[in-house]
Amino acid sequence: MGETGVIRKLDEDVVNRIAAGEIVQRPANALKELMENSLDAKATNIVITVKAGGLKYLQIQDNGTGIRFEDLNIVCERFTTSKLREYEDLQVIETYGFRGEALASISHIAHLTILTKTDGSKCAYKASYENGKLKGLPKPCAGNNGTQITVEDLFYNVLARKRALRSPNEEYTHIMEVVGGYAIHNSHVGFTLKKFGENIDIKTPINSSAVENVRIIHGNSIARELLEIELKDETLKMSVHGFITNVNYSNKKGSLLLFINHRLVDCVSIRKALDAVYSTYLPKNAHSFVYLSIELDPRNVDVNVHPTKHEVQFLYEEQVVERIKCCVESKLISCNSSRVMYTQA
Ligand code: ADP
Ligand code: MG
């Protein structure tokens, strides 16, 4: 403990470890960042292997562009990115990443190893990192084009966090959720998720479809009850596409898979609006499955609200939510009445 009242500048490593804890709250957050990097690198196949809910071991292998050998020495430093140059670029950013913080953060709270090969390189390179810095020189080795990132002993130096996390099983459930969500939204990319040395839990093929992936991940009982939602609004500069369960379907938990400009986010106002619509059709305490992909003019969306980017803010929120609510409601009504007519006939 320091002397009372004396102001000191914090050690850089302390600052970085604190910042890292904000971005990575649990293994699923780290995995989300890593999957987004793979998608940014144009991967078409992503394989994830997990031990102990990702706390012991979390590995992600992609077939994307790879990381250039020359970049390996700075790739894990804070605020190093290949995706953003000027602040203004944020308005039109099309990549998930831009803060250059994910790899740095992870390297401050875990043992991180990168194995990567670009198309132009003769061999792959393997490099290990600690606190943002390379541990020794990258070693040439055999490997395919793309990147494999291995995260071991997450939170080994953040004991309070480690203690606060529940069981590995619960962490694994969160991991299944984010992998499932990204697989449904990015159905052109193949996703595989497995526990180390065990059977595969999720496997979606390359160039699949959203509905097919819902079937693979959530089962046919949901997939066969889906209604397609499509909406374009020129004034609000919005387009919406997605799939929602009809009023025949309900389950206890319910699930909302919401993407705004391709970012997996939560939005309380949309969640409430959907609950309100469904509550008139479903029994009490019963819920729907909803997958919506909303695209808004990037100039109307602020993705930089929080380091995890889990929240976004957008203009005309009330109108946007109302428009979506009406669209979902009319879809449910039209399908419900056609069902009634059908059974009466
Ligand atoms: P950001 O994604 O915000 O740029 P990250 O810390 O997540 O920051 O990644 C830093 C940089 O490392 C990226 O800008 C990218 O150039 C490179 N990178 C990270 N992961 C991959 C990957 N799987 N394939 C190719 N390049 C990657
Ligand atoms: Mg990133």
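**Exercise 1. Which residue stands opposite Leu227 in S11?**

Solution. Please keep in mind that this is a predicted model. Start with the strands: S10 covers 226–233, and S11 covers residues 238–245. The two run antiparallel and are joined by eight bridges. Following the pairing from Leu227, you arrive at Ile244 in S11.

**Exercise 2. Place S10 in its sheet and work out why one side of S10 is left without a neighbour.**

Solution. First, write down the strand order, which is S10-S11-S14-S12-S13. These five strands make an open sheet with mixed pairing. As background, strands of a sheet pair through backbone hydrogen bonds, either parallel or antiparallel. Next, look at the edges: strand S10 and strand S13 (263–264) stand there, and each has a single partner strand, so one side of each lacks a neighbour in the sheet.

**Exercise 3. Describe the surroundings of strand S7, beginning with its pairing and ending with its burial.**

Solution. Take the partners one at a time.

- Strand S2 (residues 57–62) pairs with S7 in the antiparallel sense, over six bridges. Within this pairing, Tyr57 faces Glu152 of S7.
- Strand S3 (residues 111–117) is also antiparallel to S7, with seven bridges. Here Thr113 has Thr150 of S7 as its bridge partner.

Now turn to burial, where a residue counts as buried if 20 or more other C-beta atoms lie within 10 Å of its own. By that cut-off, five of the seven residues in S7 (residues 146–152) are buried, so the strand is mostly covered. For the protein overall, buried residues make up 35% of the 345 residues.

**Exercise 4. Characterise the shell around ligand 1.**

Solution. Begin with the count: 22 residues surround ligand 1. The closest are Asn37, Ala41, Thr81, Gly97 and Ala102. Then sort the shell by type, which gives seven nonpolar residues, 10 polar and five charged. Finally, ask about helices: H2 (27–40) and H3 (102–109) each contribute at least two residues to the shell.

**Exercise 5. Does the radius of gyration agree or disagree with that of a compact globule?**

Solution. The reference comes from chain length: a compact globule of 345 residues would have a radius of gyration near 20 Å. The protein has 22 Å, which agrees. Along the principal axes, the C-alpha trace spans about 75 × 50 × 40 Å. Contacts add another view: among those with a separation of 6 or more, 66% link residues 24 or more positions apart. To round off the picture, the secondary structure comes to nine helices and 16 strands.

Methods. Residues numbered from 1 in each chain as written. Chains lettered and ligands numbered in written order. Predicted model: local features only at pLDDT ≥ 70, side-chain atom pairs only at ≥ 80, totals over all residues. Near = placed C-beta within 6 Å. Helix = DSSP H or I, 4+ residues; strand = E, 2+ residues; numbered from the N terminus. Nonpolar A, V, L, I, M, F, W, Y, C, P; charged D, E, K, R; others polar. Rg over C-alpha atoms; globule rule 2.2 N^0.38 Å. Buried ≥ 20, exposed ≤ 12 C-beta atoms within 10 Å, placed from the backbone. Contact = placed C-beta atoms within 7 Å. Pairing = 2+ DSSP bridges.
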